[in-house]
Amino acid sequence: MKLLLLEDDDLLAESLAESLKDNGYLVDLAASLKAAKSLMATEHYELAILDVGLPDGSGLDLLAQWRKQKRSTPILILTARDTWEDKVIGLETGADDYLTKPFHEAELMARLKALLRRQSGQLSQVITLNGVSLDEAGQRVCLEGETWRSLTATEFRLLRYLMLHPDRIHSKEQLLEQLYALEQDAAAPNLVEVYVARLRRYLGKSVIQTRRGQGYFFVSH
């Protein structure tokens, strides 16, 4: 699951990106409005974290622009501006949540998960579809009536993305975007085949199906 982090404090951005990766997310970093606009024009993000005070303008202006363009990407504002007036302005501009610095990492992760669950229509940290249960907190999976099995970080990211977007065909290229961040070396498309094969060994072949020449999809029922 890929996120965009717009933050001009390099140390905070790198630290937060590492924490997000440890929690199973991929992160693309932007230190300016210009960089964020460029990334949003070419990449698909499940959620964006925006700072407000940036070297080339306000994150609120960018947020307003995105909402005017009918972008429904969940947005969490992360800023040092902590008055109630600032929070009201941020939320009325179109933010889905507002968190002030300094913050506790656990609270940020909980807020992100809540936003993503709301976006996908899931009400629990355990996603259950077609007899498959995925525990986001424990990064583990189980079939109905069976024991939990731990997943690697890549297996978890792939299965979570497929389960949050069921019955939709995803090309290998789209799935690679969700598995590898931009700064990483280009990954071979056959890696998707490798990880799909691993998940099928755990879950069976009928749950994740292939549409020849198009991609893969998770069967919801």
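Hi everyone, let's start with a sheet: four strands in the order S8-S9-S10-S11, forming an open sheet with antiparallel pairing. Its edge strands are S8 (126-129) and S11 (149-150), and each of those pairs on one side only. Keep in mind that we are looking at a predicted model.

Now look at the middle of that sheet. How many bridges join strand S9 to strand S10? There are four, linking residues 132-135 of S9 with residues 140-143 of S10, and the two strands run antiparallel. If you want one pair to find on your screen, take Asp 135, whose bridge partner in S10 is Arg 140. A helix packs on this sheet too: H6, residues 153-164, touches S8, S9 and S10. The direction of H6 makes about 120° with that of S9.

Let's stay in this neighbourhood and move to helix H8, residues 190-203. Its 14 residues should span 20 Å at 1.5 Å a residue, and the end C-alpha atoms are indeed 20 Å apart. Which residues of H8 are buried? They are Val 192, Tyr 195, Val 196, Leu 199 and Leu 203. Viewed down the axis of H8, these buried residues fall within an arc of 105°, so they line one face of the helix. Here is the general idea behind that: an α-helix has 3.6 residues a turn, so residues three or four places apart point the same way.

And what do the buried residues of H8 pack against? Our friends S9, S10 and H6 are among the partners, together with helix H7 (172-179), strand S12 (208-211) and strand S13 (215-218). Just after H8 comes Gly 204, with a positive phi of about 95°.

Next, a second helix to set beside that one. H1 covers residues 10-22, which is 13 residues, and reaches 18 Å from its first C-alpha to its last, close to the 18 Å expected. Ala 13, Leu 16, Ala 17, Ser 19 and Leu 20 are the buried residues of H1. Down the axis of H1 they fall within an arc of 165°, so again they line one face. Turned away from that buried side is a face with the exposed residues Asp 10, Leu 11 and Asp 22.

Have a look at the ends of H1 as well. At the N-terminal end, Asp 9 acts as a cap, with a side-chain oxygen 3.1 Å from the backbone nitrogen of Leu 11. After H1 you meet Gly 24, where phi is positive, near 90°.

For the last part, let's visit strand S3, residues 47-50. Are its faces covered or open? Both are covered: Leu 47 and Ile 49 on one side, and Ala 48 and Leu 50 on the other, are all buried. S3 pairs in the parallel sense with strand S1 (residues 2-6) over four bridges, and Leu 6 has Leu 50 as its bridge partner in S3. S3 also pairs in the parallel sense with strand S6 (residues 75-79), over three bridges. There, Ala 48 stands opposite Ile 75.

My final stop is Thr 79, which lies in strand S6. Is Thr 79 buried or exposed? Buried, with a relative accessible area of 2%. Its side chain reaches the backbone nitrogen of Arg 81 at 3.2 Å. Leaving aside residues up to four places away in sequence, Thr 79 touches Asp 51, Val 52, Tyr 98, Leu 99, Thr 100 and Lys 101. Thanks for listening!

Terms used. Residues numbered from 1 in each chain as written. Predicted model: local features only at pLDDT ≥ 70, side-chain atom pairs only at ≥ 80, totals over all residues. Heavy atoms only, no water. Expected span 1.5 Å × (residues − 1). Buried < 20%, exposed > 50% of the residue type's maximum accessible area, 1.4 Å probe, protein only. Arc of directions from axis to C-beta. Polar contact = N/O pair within 3.5 Å; in protein donor to acceptor, adjacent residues only side chain to side chain. Pairing = 2+ DSSP bridges. Contact = heavy atoms within 4.5 Å. Axes fitted to C-alpha atoms, helices over the stretch in contact; angles between N-to-C directions.
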